[in-house]
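Open your viewer and get ready to click. We will make a short tour with two stops.

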Amino acid sequence: MVVGAGIVGLAHAVEGVRRGLSVVVVERDDRPVGASVRNFGYVCLTAQTATALEYATTARQTWLQLAEQAGLWVRDSGAVVVARAEDEYAVLEEFQAVRDDVVLLDASQLRQRVPTGDDAVGGAWFPLDLRVDPRRAVPALAAWLAGQGVRFHWSTAMHTVEPGLVVTSRGEIKAGATVVAVGHDIDRHFPDLAEQAEHRRCALHMLKVGDPHGRVIDPAVLSGFSLVRYDAFRACPTVPALRARLTEQHPGLLEAGLNLMLTQCPDGDLLIGDTHAYAVTHDPFRSEDLDQAILEQAASLLGAGPLTVKQRWRGVYSSAPEPFLTGVPMPGVGLVSVTSGAGMTTAFGLAPHILDQLLA
Ligand SMILES: Cc1cc2nc3c(=O)[nH]c(=O)nc-3n(C[C@H](O)[C@H](O)[C@H](O)COP(=O)(O)OP(=O)(O)OC[C@H]3O[C@@H](n4cnc5c(N)ncnc54)[C@H](O)[C@@H]3O)c2cc1C
C-alpha cells in the first residue's frame, strides 16, 4: 500500500510493480495537485551530491525507461547555467574542474543553446539533466500504473496507519506493507519524527509566462542565483564571494531565497521562479513584490522586455537539514519524504532503497 500519489508515492508504486507486488495507492485528492505538479519538471542530476546524486543517477534511467514504457514526455535536454558576471563564470570553472559531466560554454556557444541578455559572459552545460512535463508526468504515470494493475483509491484520506492496516476516510484497508509518502504533510501523521528531523514547509512562488522570443528552449535554464543554492556548488572556493556580491547587489532577493531559473512547457510557455520561505505553518498571503522580482529577473536573464503572466501559484515542499526523511516507525510501515526540494530528481532512486528496507 502506498499513501500519497505524488512522485514519491508513485515511484514506490512503480518499484512495487517491478517486484511483482500487488499495489494499492490511497490519495486524499481526486488527482495529483501537490508539489509534484507545481514544479519545474527539472531532473537536476548534476547539482546533486552524495546519496542524492546516486539516487538521481538511478532516477535518470528510470525516467528514460518510463518515457518509452508509459509514453511520458521526457526531454533528454540537459541544463544550461547562464553566467551574467565573471564571478559566476569563475564558480562554473571551479565546478567543471572537479566534475567530468560539465561542459563550459563561451558567450556565443551559450547563446546558441538559450536566449540571454547582453550581460551573459558564458555558461555551463549539464548534459545529464532531464526535463519532464510537471503537469502531466504524475497523472500520466498514475494512469499507466492503473493499466499495470495498481488499484487507486482517489479522494480517500489516510487517517491512521498501523502494522498490516490503514484506516482511511472510506474504511479500513489491509496491507502487507505500507509506504507513507504524503510529502510535506508528514508531520500531520508522525509529528515527533518530523520535529526530530527539524521538518518545515518550504513555500515557493512560481509563474507561467508567455515565451517572449517564441523559440524552443530545450534545456532547463539556471542562473548565478542557482550557484549559491545547490549543494554541489558549495565546495567551489569562490561561492562565498559570489554570495557576498549577490547579497550586496540584491539583498531582498537573497533573503527571499531566489533561485532564478526557468523551463519551457510543451506548449511553449515558460515556468519561471522561484523563491524559498521556510516555516512549519505559512501565512496564506503571497507577496506581489516577490512575483515582480521574479518577473524582472527572468526578463533580464532572457534578454526580453516585460513578460506576460499566464498563471501564478504557490508550491510547497518538505524541507529539513537532511535531504531525505525516512524511517520505519513500526513493523511494515515506512515513511518517506524528500526534504531537499528534489523529489522529481531523486524519487525513482530512493524508492528501491525504501522497499528493500521495508520488505527485508
Ligand atoms: C515550486 C516547486 C518547484 C520545484 N522544482 C523541482 C524541480 O524542478 N525538480 C525537482 O527534482 N524537484 C522540484 N521540486 C520538489 C518536488 O516537486 C518535490 O520534492 C516532490 O514533488 C515531492 O513529492 P511528494 O510525492 O513527496 O509530494 P506531493 O507531490 O505533494 O504528493 C504528496 C501527496 O500525498 C497526498 N496526501 C497527503 N496527506 C494524505 C493523506 N492523509 N491521505 C492520502 N493522501 C495524502 C497529497 O494529497 C499529495 O498528493 C519543486 C517543488 C516545488 C514546490
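Which of the 35 residues around the ligand come nearest? Select Glu-27, Ser-36, Tyr-42, Gly-343 and Thr-345: these come nearest. Keep in mind that this is a predicted model.

**Stop one: the ligand**

Stay on Glu-27. A polar atom of its side chain lies 2.6 Å from an oxygen atom of the ligand. Next, click Val-8. Here a polar backbone atom is 3.1 Å from a ligand oxygen. Then pick Asp-29. An N or O atom in its side chain is 3.5 Å from an oxygen atom of the ligand. Now show the ligand's surface. Alone, the ligand exposes 1,000 Å², and the protein buries 96% of that.

Colour the shell around the ligand by class. You should find 17 nonpolar, 13 polar and five charged residues.

Which helices and strands each supply at least two residues of this shell? Select these in turn:

- helix H1 (7–18)
- helix H2 (35–38)
- strand E14 (200–209)
- strand E19 (309–330)
- helix H13 (343–359)

**Stop two: a sheet**

Move on to E10, E11 and E12. These three strands form an open sheet in that order, with antiparallel pairing. Why is one side of E10 and of E12 left without a neighbour in the sheet? Strand E10 (158–162) and strand E12 (171–174) stand at the edges with a single partner strand each, so one side of each stays free of a neighbour there. On average, neighbouring strands of this sheet are turned by 20° against each other, ignoring direction.

Zoom in on strand E11 (165–168). Four bridges join E11 to E12, and the two run antiparallel. Finish on Leu-165, which stands opposite Lys-174 in E12.

Notes:
Residues are numbered from 1 along each chain as its sequence is written. This is a predicted model: local features need pLDDT of at least 70, side-chain atom pairs count only at pLDDT 80 or more; totals for chains, interfaces and linings use all residues. Side-chain values use heavy atoms; hydrogens and water are left out. A residue is near a molecule or strand if one of its heavy atoms lies within 4 Å of it. A polar contact is a pair of N or O atoms within 3.5 Å; within protein, one must be able to donate a hydrogen and the other to accept it, and residues adjacent in sequence count only if both atoms are side-chain atoms. Accessible areas come from the Shrake-Rupley method with a 1.4 Å probe; for residues, only the protein chains shown count as cover. Ala, Val, Leu, Ile, Met, Phe, Trp, Tyr, Cys and Pro count as nonpolar, Asp, Glu, Lys and Arg as charged, and the others, Gly among them, as polar. Two strands pair if DSSP finds at least two bridges between them. Axes are lines fitted to C-alpha atoms, for helices over the stretch in contact, and angles run from 0 to 180 degrees between N-to-C directions.
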